[in-house]
Amino acid sequence: WLTSSPSWTVLRVNSHRFTRQEAKSRLRSFLAEHRKTHEGCAASTMLEHPVLDDTLMVASPRADPPPEPTKMQVIVGLQCGVAVLRGADVFAPGVLAMDPAVQKGDAVSVFADIEGLCRRGLTKPFDGPTQYVGNGHASLSRYALFHAEQPSGVAISMTTPLYTSLPLSGLHADMLFPQNLPSIVACHVLAPRPGETVLDMCAAPGGKTTHIASLMKDRGIIVALDKSAARLKRVDENCKKLDIHCVRSFVCDARKSVASPSAECSTVSASLVAPPFPPESFDRVLLDAPCSALGQRPQIRNKMPLKELLSFPTYQRHIFAKAVELLRPGGVLVYCTCTLTLEENEGAVVWALAQFPSLTLVSQDPHLGQPGYVVDGLEPQQAKLLQRFALPAALGPRRSGFLPEAINTH
């Protein structure tokens, strides 16, 4: 299941500038143009989400019948292979090896190097473990690709990929933002209002930040933190693309985001000039915590060491404690992850309720996922207030990302 591509590509409409009908019309034209150049692509099913009024969904089924590998092969890096499964073409930097006979226009099959063993420029057949991701046509000859000083552009145009996923390259970036459904749900559950002061604690790359801004009609203050300057730059870029102006972004480790109680400011605006911030500065806090990301799909292979996997709960709880400090009495805190582990999800809720008596679990609107698991310290009625998404029935109830909501009653 984790190695397969999601059956739907989800797109959030930039609702503070466009209506869903405007976005739907433009997306329909985009899909029609895509079909002209992709022979295996049938007409895509496009739906308006029945609950989320700013969301469109495009079906991304497995090709039926599935494509058969051709004689000439191209080996690409693992992340490139994952991108192809989600609808991308193969760009030149992702190509590791190519059949020596390949010329521009030739039909080729694309395989992802699972273990990272393929040497760039290999001329012999690669015999390491691979994952077949589909067929395409070479946009560059092998000679042009491997003799260029800095190869760039599309190397393989995917005509019959394994999954008929929506290509994101060329999508209308000012109008439509690709975003996983649980991420969209998280922002609606947070329910920010125009004029409020909201904190996105681990904001990059900015999907939720810009969604919060849209829900606030770009009025109010959103503080976006991330400890990586490079990743935070993507938040700023996405705000610019979507014409968002109410976001203040800061390079900051969320564990160091709270000022000492003595560092008081006379106004809310003055207190938010730069982190660290005074306690109780925010009406709402979104904590999309750094996590083991075991719910992200597709995953052809996961090389995470056990030690790293086990380190996340402690890290998350450090940040969670700061989120509670920064939340005003009566404020709303939404905690979410994109992983499957109990310790990072239900375990975090059990810990938080025990650690912070001022927090109360509340019902979520919308509630589109399945209930959380009942674990020690979490009653069945409390587990029903949580949301998990997208685990197939063969592995248990349908679950994957995680979402609780709490109110600070202190």
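Q: Helices here are DSSP runs of H or I with at least four residues, strands are DSSP runs of E with at least two, and both are numbered from the N terminus. So which helix and which strand each supply at least two residues of the lining of the second largest cavity?
A: Helix 1 (20–37) and strand 3 (55–59) do. Bear in mind that this is a predicted model, where local features need pLDDT of at least 70 and side-chain atom pairs count only at pLDDT 80 or more, while totals for chains, interfaces and linings use all residues. Residues are numbered from 1 along each chain as its sequence is written, and side-chain values use heavy atoms, leaving out hydrogens and water.

Q: Why is that space called a cavity, and what lines it?
A: On a 1 Å grid over the protein atoms alone, a cavity is a set of points where a 1.4 Å probe fits but cannot get out, and a residue lines it with an atom within 4 Å of a point. Ten residues pass that lining test, of which Leu31, Ser44, Thr164, Ser165 and Leu166 lie nearest the centre. The volume is about 40 Å³, taken as the space filled by probe spheres set on points joined across faces, edges and corners.

Q: How many cavities of 30 Å³ or more turn up, and how much space is in the largest?
A: The whole structure holds two of them, and the largest has about 80 Å³. Among its lining residues are Phe320, Leu333, Tyr335, Glu405 and Ala406. Helix 9 (346–355) gives the largest share of that lining, four residues.

Q: What makes the lining of the largest cavity mostly nonpolar?
A: Ala, Val, Leu, Ile, Met, Phe, Trp, Tyr, Cys and Pro count as nonpolar, Asp, Glu, Lys and Arg as charged, and the others, Gly among them, as polar. Sorted that way, the lining has eleven nonpolar, no polar and one charged residues. Glu405 is in the lining, and Glu counts as charged, so it belongs to the charged class. The second largest cavity divides into six nonpolar, four polar and no charged.

Q: What makes strand 15 and strand 19 a pair?
A: Two strands pair if DSSP finds at least two bridges between them. Strand 15 (327–336) and strand 19 (405–408) are joined by three bridges and run antiparallel, so they qualify. Val334 stands opposite Glu405. Strand 16 also has three antiparallel bridges to strand 19, with Leu361 partnered by Ala406.

Q: Why is the set around Leu287 called a nonpolar core?
A: A core is a set of buried Ala, Val, Leu, Ile, Met, Phe, Trp, Tyr and Cys residues joined through side-chain atoms within 4.5 Å, with buried meaning under 20% relative accessible area (exposed is over 50%, partly exposed in between; 1.4 Å probe, protein chains only). The largest such set has 37 residues, where Met201, Val223, Leu287 and Phe320 touch the most other members. Helix 8 (306–326) gives the largest share, six residues.

Q: Which residues does Leu287 touch?
A: With contact meaning heavy atoms within 4.5 Å, its partners include Met201, Ile319, Phe320 and Leu333, not counting residues up to four places away in sequence. Apart from this core lies another of 35 residues, including Leu96 and Ala155.

Q: Why is the space by Gln73 called a pocket?
A: A pocket is an open set of points with protein on both sides within 12 Å along at least five of seven lines. The second largest one has about 210 Å³ and 15 lining residues, with Gln73, Asp99, Lys124, Pro125 and Phe126 nearest its centre. Strand 4 (73–76) gives the most, three residues.
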